[in-house]
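Here is a short note for a colleague who is meeting this structure without any background. Please read the points beside the sequence and the model.

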Amino acid sequence: MATKPNGTTTKNPTTPNPNPTPKNQTYNPKSQTYNPNRIPYRPNYRHKHRGRGCNCRRCFCRCCCWTILMIIIILILVAIAGTIFYFLYRLQLPSFSISSLKISQFNLTTSPDDTTRLATKFNVTLSTKNKNKKVVYTYDPIALKAESTNQIELANGDFPRFISAPNNVTIIHSTLSIVSQVLDVDSISSLKSDMKRKSGMPMRILLDTKIVVKMDKLKTNKVGIRVTCDGINGPIPKGKNPSVASITTAKCKVDLRIKILRWTF
């Protein structure tokens with residue numbers, strides 16, 4: 001404290017600020033001096049994102065586990081129901097056999113423009129038997145086809161729908177034919193090679209249809225079946241008399257055609 005002559009005391013004056021800040025001046029971060037060693041602030045959200053990711057993964061894993069468990073349960077129930085159904089009805093697939101096959105026409109003709117055409121006519125007789133005692137089969141119209149072992153179509157035809165009662169035998173007679181089918185070079189050479197065989201041309205008969213299975217009051221949806229009869233050798237007819245194919249080694253196999261989405265098994 002300094003004493004004035006009049007006896008009053010005064011405080012030491014404060015040192016003025018050499019760089020006063022104006023009252024209306026706002027803070028601008030860009031006006032600060034750049035410091036290359038300063039690390040900019042970045043908020044850390046890792047713990048939040050990790051928590052959400054873990055929850056999503058847990059939910060996904062739970063959904064997958066429950067889905068797999070439900071599929072397994074459904075398969076087990078279907079297997080149990082199928083077993084009970086089998087022991088109750090002893091369901092057997094229908095059996096097929098070929099009785100006769102006659103070839104009345106088999107001509108390969110080549111036109112002046114080097115186009116080879118096939119014209120054929122077959123008469124085929126098959127039989128199908130329902131071996132079940134309590135099961136009725138209802139058949140849709142059957143599509144029949146004769147083809148070579150190289151899957152060259154030789155003739156085609158159809159047979160109308162019918163009902164096969166328990167322990168019943170149904171005769172299927174149909175005429176298969178092709179009027180004028182154009183063949184490529186590979187098909188021509190393959191057919192000419194088969195026609196020269198002494199035992200006759202090897203071929204097979206295919207049947208495609210759908211059936212409905214009825215058991216007492218139970219009735220299924222339509223199920224596709226394919227019948228393949230192999231082991232047929234047909235000689236080429238000479239003149240107007242039809243030739244009789246050899247069917248001594250012919251066997252017919254029945255396969256279910258189950259369709260799932262776009263795939264058929």
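The points below take up confidence, the nonpolar core and the cysteines.

1. This is a predicted model, in which local features need pLDDT of at least 70, side-chain atom pairs count only at pLDDT 80 or more, and totals for chains, interfaces and linings use all residues. Residues are numbered from 1 along each chain as its sequence is written, and side-chain values use heavy atoms, with hydrogens and water left out.

2. The protein chain averages a pLDDT (the predictor's confidence in each residue, from 0 to 100) of 81, and 75% of the residues score at least 70. Over residues 1-5 the pLDDT is below 50, and it stays under 50 over residues 7-11.

3. The largest nonpolar core (buried Ala, Val, Leu, Ile, Met, Phe, Trp, Tyr and Cys residues joined through side-chain atoms within 4.5 Å) has 39 residues, and Leu207 is among those with the most contacts inside it. Strand β10, a DSSP run (E, at least two residues, numbered from the N terminus) covering residues 201-215, gives the most to this core, with 7 residues.

4. A disulfide (a pair of cysteine sulfur atoms within 2.5 Å) joins Cys229 to Cys252, with 2.0 Å from S to S. The pair links distant parts of the chain, Cys229 lying in strand β12 and Cys252 in strand β14, 23 residues apart. Cys229 is buried, at a relative accessible area of 0%, where buried means under 20%, exposed over 50% and partly exposed in between (1.4 Å probe, protein chains only).

5. Cys61 is in no disulfide, and the nearest cysteine sulfur, that of Cys65, is 6.4 Å away; Cys61 counts as partly exposed at 45% relative accessibility.

Technical notes:
Contact means heavy atoms within 4.5 Å. Helices (H or I, at least four residues) and strands (E, at least two) are DSSP runs, numbered from the N terminus.
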